[in-house]
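Subject: Structure for you to look at

Hello,

Here is the structure I promised you. Please open it first, then read my notes below.

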Amino acid sequence: MTPPVDLARYLAYLSVTLVMVIMPGPANLFAIATGARRGRDAVVPAVIGMNLAGVVWLGAAGLGLSALSLAFPQVFRALAWLGAAYVAWLGLSAIRAAFWGSGHPGPAVALKGRSALRDGFMVQMSNPKALLFTTVILPPFIDPARPVPGQILVFAATVITLDVISMTAYGYGGAALAARLTEPRFARGFSLFTGALLITAAVLIVLRG
């Protein structure tokens, strides 16, 4: 039985994907901020949300996303700007929480209670890195001599698995620091830090969009 993907081609894809996945782009920065601001329990839902969006992008790749992005680039640009605005708003909420006043939870509680899954989905849907991957990185590894659906399935399973590992590691790394959030001065400083992370992610979305 012929495998869906040639081994040499797959190994080349794997090496490129590993580099893409571990880079601290918008998704990984969001994972750090989520773990730090919301704790360990929010990391997995956020990772699930981001990877559900990844499934949408990869499914779109199978339906000819490359041709669509070339025909209507303004649509994808608008999507990136909307996503950047949303992520920046999350960052500004964290920064505002830092100055809300010690002993008053204010926006910090509101931010922590938000849906991490939904936020993760929206971040990754607006992440130009996802568009770059499906329209530029993935297509060269598709072998026209083999059935395309099987190849996309293998490539998609690989990148999703690597994304889950990377994002979870980044998220738990952020959560490890959250144990000190009971100290008022540290909590205020860390709110500023996570807010800055999210705003940095928003800037990266705009610059790469």
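A cavity here is a set of points, on a 1 Å grid over the protein atoms alone, where a 1.4 Å probe fits but cannot get out. Grid points are joined across faces, edges and corners, and a volume is the space filled by probe spheres set on the points. This is a predicted model: local features need pLDDT of at least 70, side-chain atom pairs count only at pLDDT 80 or more, and totals for chains, interfaces and linings use all residues. Residues are numbered from 1 along each chain as its sequence is written, and side-chain values use heavy atoms, with hydrogens and water left out.

The cavities

Two cavities of 30 Å³ or more turn up. The largest cavity holds about 230 Å³ of space. It is lined by 18 residues (each with an atom within 4 Å of a point). Closest to its centre are Gln124, Ala130, Phe133, Val159 and Asp163. Five helices each give two or more residues to this lining: helix 1 (7–22), helix 2, helix 3 (40–62), helix 8 (128–137) and helix 9 (148–177). Helices are DSSP runs (H or I, at least four residues), numbered from the N terminus. The lining has eleven nonpolar, five polar and two charged residues. Ala, Val, Leu, Ile, Met, Phe, Trp, Tyr, Cys and Pro count as nonpolar, Asp, Glu, Lys and Arg as charged, and the others, Gly among them, as polar.

Helix 2 and its partners

Helix 2 (residues 26–38) packs with helix 7 (residues 116–125) at an angle of about 160°, and their axes are 10 Å apart. That makes the two roughly antiparallel (an angle over 145 degrees). Axes are lines fitted to C-alpha atoms, for helices over the stretch in contact, and angles run from 0 to 180 degrees between N-to-C directions. Contact means heavy atoms within 4.5 Å. Pro26, Ala27, Phe30 and Arg38 of helix 2 meet Ala116, Asp119, Gly120, Val123 and Gln124 of helix 7. Five of these residues are nonpolar, two polar and two charged.

Now take helix 2 with helix 9. Their axes come within 6 Å and cross at roughly 35°. On the helix 2 side, Ala27, Asn28, Ala31, Ile32, Gly35 and Ala36 take part. Helix 9 brings Ser166, Met167, Tyr170, Gly171, Gly174 and Ala175. This contact has seven nonpolar, five polar and no charged residues.

Helix 1 and helix 9

The axes of helix 1 and helix 9 come within 10 Å and cross at roughly 30°. They are therefore roughly parallel (under 35 degrees). Helix 1 contributes residues including Tyr10, Leu14 and Ile22, and helix 9 residues including Phe155, Leu162 and Tyr170. By class, the contact has twelve nonpolar, three polar and one charged residues.

Best wishes

How values were computed: Parallel < 35°, antiparallel > 145°, perpendicular 65-115°, else oblique. 1 Å grid on protein atoms, 1.4 Å probe; cavity = no way out; pocket = protein on both sides within 12 Å on 5 of 7 lines; lining within 4 Å.
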